[in-house]
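This report describes the ligand sites of one model and the parts of the chain around them. The sequence and structure come first.

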Amino acid sequence: MNREKQRIVIVGGGSTYTAGIVTMLLENMDLFPIESIKLYDNNEERQRKIAEACAIIVKELHPEVAFSYTTDPKTAFTNVDFAMAQIRVGLYAMREKDEKIPLKYGVIGQETCGPGGIAYGLRTIGPLIEIIDFMEKFSPNAWLLNYSNPAAIVAEACRVLRPNSRVINICDMPVCLEEIFGRILGINSRKKFDVRYYGLNHFGWWTSIKDKDGKDLMPELKKYCLEHGYEEYTPQGQHKESSWLETMRAAKELIKIEPETLPNTYLKYYLMGDETVEHSDHNYTRANEIMDRREKDTFAECERIIAAGSAKDTSFASSEHAQFIVELACALAFNTQERFLLIVKNNGAIENFDPDAMVEIPCIVGKDGVEPLSIGKIPTFQKGLMEQQVASEKLAVEAWIDNSYQKLWQSFAMNKTVPSIGVAKLILDEMIEANQKYWPILK
Ligand code: NAD
Ligand code: G6P
Ligand code: MN
């Protein structure tokens, strides 16, 4: 295979995922050869620790790859083929507020769903659009592969504000769940499946899973799901902490209301809100778990690598979360025509759904970009839920553009996680206080 070497910038270089992504890139060099990797972040100190450890990893695995890091947009975005974005605007301290403020009012507190997701969206739209503009200014032919959350709202903002930009929004949850399906069935790669899936980001359903001989695997998966949800008893996979296992188990309930399909786990927050709130620790949420574990462990491991001057025996490993990103980049760079679930403009793919909604559906990806597959008509249950959620996401983006308090209130009130306009307003007013540094001033 004679493939041209690619130049990458990882945006959000200080992310807890960066070392895993760099490792994954280096382990896939035969598939996706690399000339240079740059890290870019707007937080110099946070990025430096990650970057110094990554420099050692690169030197040990592939010293021929040019590695650098910067906080200067021009240096970062000049001479790149791909920007891979994983920013978290407001860091974990703000995720904690996104989770805890709604919980005070008995509402789901979640990174990407409900009022927390909307608040995170309003922080992220401006910086993400700025990143697109940097890329277009300094490397007009590059692609932005965005997996920063909240991906649904970010994707809608891209559709409205930068409709012609080379941006692809993608989520790892379907990938991770398909890997789980594989382990449940004893099939060692999700690449051996042909799947049909539709919905919104963090809000969708599998309608068909077949093997390459056309054998229908749904009956066995549904049966398993009814008994265990998606909990599987192997050490593999990204979502293994107890809070995630609880979410995996919830699929067992979600499938009952719509037994024709397999649900995305995130539907729990919309369809099982009351019991999820009841079982949440309002004083110690997922953000606390991560700050106490993943974030601490990541920086401690970087410090260990830097002090040792070597990454031998490192705990950083290339993760499932990362693998699909290189496959997507490959499809664009080398025209593989592979199929991915992407967040794209509906444009008729779901026949009986808003053509201007951003939906998550299978797409073929090649050198010329993304070609969504046709889904046809969807049933009333899913359609109704999706319409409400899309309206909430659209109102959030409109609120950001128009600096509109009223629209943001409507966005909160429209969300299925929120019981009334009164509760929506209480949460909104507290969110405004908490997000002063990040949100536009609402009129
Ligand atoms: P993190 O806080 O560890 O890292 C995010 C980094 O982004 C930080 O170093 C921060 O300084 C940087 N950043 C913030 N604003 C920036 C800006 N304007 N320009 C450049 N850098 C900026 O967060 P994390 O847990 O590693 O997650 C990173 C992102 O990836 C989050 O949005 C998370 O939700 C997302 N994520 C997405 C998926 C998916 O499938 N879509 C999966 C996992 C994580
Ligand atoms: C899944 C989702 C991501 C989300 C992540 C959160 O992978 O697809 O969008 O960011 O979970 O995981 P965490 O470990 O940060 O709670
Ligand atoms: Mn996701």
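## Arg286

Arg286 lies in helix 12. The model is a predicted one, and the values below are computed from its atoms. The relative accessibility of Arg286 is 16%, so this residue counts as buried; the cut-off for that class is under 20%.

Two acidic side chains are in polar contact with the side chain of Arg286: that of Glu241 at 3.0 Å and that of Glu289 at 2.6 Å. Leaving out residues up to four places away in sequence, Arg286 touches Arg95, Glu99, Glu241, Ser243, Trp244 and Arg294. The side chain of Arg286 also has an N or O atom 2.6 Å from an oxygen atom of ligand 2.

## Ligand 2

The shell around ligand 2 holds 14 residues, of which Arg95, Asn149, Asp172, Arg286 and Arg294 come nearest. Which helix gives the most to the shell around ligand 2? Helix 12 does, with 3 residues.

Besides the contact with Arg286, an oxygen atom of ligand 2 lies 3.3 Å from a polar side-chain atom of Tyr266. With Met173 the partner is a backbone N or O atom, 3.5 Å from an oxygen atom of ligand 2. On its own, ligand 2 exposes 390 Å², and the protein buries 92% of that area.

## Ligand 1

Ligand 1 is surrounded by 27 residues; the closest are Ser15, Asp41, Tyr92, Tyr120 and Asp172. Asp172 is also among the residues that come nearest to ligand 2.

Three polar distances describe the surroundings of ligand 1. An N or O atom in the side chain of Tyr92 is 2.3 Å from an oxygen atom of the ligand. A polar side-chain atom of Asp41 lies 2.6 Å from an oxygen atom of ligand 1. For Asp172 the distance is 2.6 Å, but here a backbone N or O atom is involved. Ligand 1 has 860 Å² of accessible area on its own, and the protein covers 96% of it. Helix 4 and helix 5 are the elements that give two or more residues to this shell.

## Helix 4

Helix 4 covers residues 91-104. At 1.5 Å a residue, its 14 residues should span 20 Å, and the end C-alpha atoms are 21 Å apart, which agrees. After the helix comes Gly106, with a positive phi near 75 degrees.

The buried residues of helix 4 are Tyr92, Met94, Arg95, Asp98, Glu99, Lys100, Ile101, Pro102 and Leu103. Among them, Tyr92 is one of the closest residues to ligand 1, while Arg95 is one of those nearest to ligand 2. Arg95 and Glu99 both touch Arg286. The buried residues of helix 4 pack against helix 2 (44-61), helix 5 (114-138), helix 11 (273-278), helix 12 (286-308) and helix 16 (421-434).

## Manganese site

Ligand 3 is a manganese ion, coordinated by Cys171 through SG and His202 through NE2, at 2.2 to 2.4 Å. These two residues are 31 residues apart and link distant parts of the chain. Cys171 is in the loop between strand 6 (167-169) and helix 7 (173-185), and His202 is in the loop between strand 7 (193-200) and strand 8 (203-211).

Are the two coordinating residues buried or exposed? Cys171 and His202 are both buried.

Terms used
Residues are numbered from 1 along each chain as its sequence is written. Chains are lettered from A and ligands numbered from 1 in the order in which they are written. This is a predicted model: local features need pLDDT of at least 70, side-chain atom pairs count only at pLDDT 80 or more; totals for chains, interfaces and linings use all residues. Side-chain values use heavy atoms; hydrogens and water are left out. Helices (H or I, at least four residues) and strands (E, at least two) are DSSP runs, numbered from the N terminus. The expected span of a helix is 1.5 Å times one less than its number of residues. Buried means under 20% relative accessible area, exposed over 50%, partly exposed in between (1.4 Å probe, protein chains only). Contact means heavy atoms within 4.5 Å. Donors are N, O and S atoms within 2.8 Å of the metal (3.2 Å for Na, K and Ca); water is not among the atoms, so sites may look incomplete. A residue is near a molecule or strand if one of its heavy atoms lies within 4 Å of it. A polar contact is a pair of N or O atoms within 3.5 Å; within protein, one must be able to donate a hydrogen and the other to accept it, and residues adjacent in sequence count only if both atoms are side-chain atoms. Accessible areas come from the Shrake-Rupley method with a 1.4 Å probe; for residues, only the protein chains shown count as cover.
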